[in-house]
Amino acid sequence: MNKIEKLLKELCPNGVEFKKLDEIFDIKNGYTPSKANKDFWNDGTIPWFRMDDIRTNGRILSDSLQHITKQALKGGKIFPKNSIIISTTATIGEHALVVVDSMANQQFTYLSKKANCDLSIDMKFIYYYCFILGEWCKQNTNISGFASVDMKSFKKFQIPIPPLEVQEEIVKILDTFTKLEAELEAELEARRRQYEYYRNKLLSFEYLDKNGGGYELKMLGEVCEIANGRDYRHLNNGNIPVYGTGGKMLCVDNFLYEGESVCIGRKGTIDKPFYLNEKFWAVDTLFFTKNFKNYIIPKFLFYIFTYIDWKQHNQSLDRPSLTKVILEKIQIPIPSLKTQEKIVSILDKFHTLTTDLQSGIPAEIKARKKQYEYYRNKLLTF
């Protein structure tokens, strides 16, 4: 019997108590003060949270990217620290624990413990349980018009309240998993910076000139052919992958090209090149390269593509776009094949370490996340 099972048997032999959300929490939405009133925003000191805060700073929030003034508060009221914010419209189910007095925009619903609630609650335990509540929200959404959670049912959602000792023990275990994942994420970020440092150094004109034996500048159109992708919707299901600007989309029964190629978005995402070496189909918003001249290695061209600032070549003010004419005129350095092979060999190791979902750090993070989610769901099921 593990420690939690022992505590549950000792402290609540008849089972864990469940409560409706509105029995425990004041449930209210945030709002956006008028942007036209500068007095609401200039020199504000009160944190005002949006989804960007979670994306930028994670799920335990002590400060926001934007702030409002006291004049912006309706009735001068503010949500107390140690409240949960959970998104009940748009990107539904995302949540965070806010550890300071705050306000949030209308996308978020606040869960603030009622003043007259005498239950012993660790809000970090509620925070972890909100991963389950978030999934419930996604399954209970009104989709007519603007997607939003069924708030009437939301308020009646039943949440377990085990004894405080059990809550704290669960939090302690899940915090350990969270810390481990954070350490791996930090390691991955460090390796990415290391990869970028060596890539930028190895592909710089200075390095190629002094250490790479020199180089020749050529236009992209001189070293390979740039081809357009095509519509795939007339094809049947199969085992040939179809790629768009964001990567693999689905599989069909025919291929557009077979062999090594470097792909880059024509419209939309134009700064995420990727390398392929297989039979594939490319959609019409994607360029792919073929017919390489015998003085360039396709994988070396891929690393050159990752080095180029593609946004400088954007041809549209609306949706980011590249044109074949512009691409063909981009000049790239061409060192000897021996130097290209050496650079590819070095960068391949870093690239695998930072991107490979089968063996690199991303694979380790993926495995840890899966393990964490397994134990989180197991620990929070009563």
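The legends below describe close-up views of a predicted model.

**View 1. The largest pocket of the predicted model.** This pocket has a volume of about 800 Å³. Its lining comprises 21 residues, and those closest to the centre of the pocket are P273, F274, F302, H351 and T355. Four elements each supply at least two residues of this lining: α6 (164–202), β18 (274–282), α9 (298–307) and α11 (337–355). The lining of the largest pocket divides into 9 nonpolar, 4 polar and 8 charged residues.

**View 2. Helix α9 beside the largest pocket.** With 4 residues, α9 provides the largest share of the lining of the largest pocket. Of the 10 residues of α9, 9 are buried, so the helix is largely enclosed by the rest of the structure. The buried residues are P298, K299, F300, L301, F302, Y303, I304, F305 and T306. F302 is also among the residues closest to the centre of the largest pocket.

**View 3. The second largest pocket.** The second largest pocket holds about 320 Å³ of space. Thirteen residues line the second largest pocket, and T178, E181, E185, K369 and Y372 lie nearest its centre. Two or more lining residues come from each of α4 (123–139), α6 and α12 (361–379). The largest share, 5 residues, is given by α6. By type, the lining of the second largest pocket divides into 6 nonpolar, 1 polar and 6 charged residues. Helix α6 thus appears in the lining of the second largest pocket and also in that of the largest pocket.

**View 4. The salt bridge between E94 and R59.** The structure holds 19 salt bridges, and one of them joins the side chains of E94 and R59, with an N to O distance of 2.8 Å. This pair links distant parts of the chain, 35 residues apart. E94 lies in the loop between β6 (83–87) and β7 (95–98), while R59 lies in the loop between α3 (51–57) and β4 (60–61). E94 is partly exposed, with a relative accessible area of 22%. R59 is likewise partly exposed, at 25% relative accessibility.

**View 5. The salt bridge between K124 and D175.** In this pair, the closest N and O atoms of K124 and D175 are 2.9 Å apart. The salt bridge links helix α4, which contains K124, with helix α6, which contains D175; the two residues are 51 residues apart in the chain. K124 has a relative accessible area of 22% and is partly exposed. D175 counts as partly exposed at 27% relative accessibility. Both helices also contribute to the lining of the second largest pocket.

**View 6. The salt bridge between K311 and D271.** The closest N and O atoms of K311 and D271 are 3.6 Å apart. K311 lies in the loop between α9 and α10 (324–329), and D271 in the loop between β17 (257–265) and β18, so the salt bridge ties together parts that are 40 residues apart in sequence. K311 is exposed, with a relative accessible area of 58%, whereas D271 is partly exposed, at 28%.

**View 7. The network of R50, D52 and R55.** Salt bridges that share partners join R50, D52 and R55 into one network. Side chains of opposite charge can pair when their charged atoms come close.

**View 8. A nonpolar patch on the surface.** F205, Y215 and L217 make a nonpolar surface patch of about 260 Å². F205 belongs to helix α7, which spans residues 205–210. This residue, F205, counts as partly exposed at 42% relative accessibility.

**View 9. N239 and A182.** N239 lies in strand β15, which comprises residues 237–244. At 65% relative accessibility, N239 counts as exposed. N239 and A182 are 57 residues apart in sequence, and their C-alpha atoms are 37 Å apart in space.

Conventions
Residues are numbered from 1 along each chain as its sequence is written. This is a predicted model: local features need pLDDT of at least 70, side-chain atom pairs count only at pLDDT 80 or more; totals for chains, interfaces and linings use all residues. Side-chain values use heavy atoms; hydrogens and water are left out. On a 1 Å grid over the protein atoms alone, a cavity is a set of points where a 1.4 Å probe fits but cannot get out, and a pocket is an open set with protein on both sides within 12 Å along at least five of seven lines; lining residues have an atom within 4 Å of a point. Grid points are joined across faces, edges and corners, and a volume is the space filled by probe spheres set on the points. Ala, Val, Leu, Ile, Met, Phe, Trp, Tyr, Cys and Pro count as nonpolar, Asp, Glu, Lys and Arg as charged, and the others, Gly among them, as polar. Patches are made of residues with over 30% relative accessible area and no salt bridge: like charges are joined within 9 Å, nonpolar side chains (Val, Leu, Ile, Met, Phe, Trp, Tyr) within 5 Å. Accessible areas come from the Shrake-Rupley method with a 1.4 Å probe; for residues, only the protein chains shown count as cover. A salt bridge is a side-chain nitrogen of Lys or Arg within 4 Å of a carboxyl oxygen of Asp or Glu. Buried means under 20% relative accessible area, exposed over 50%, partly exposed in between (1.4 Å probe, protein chains only).
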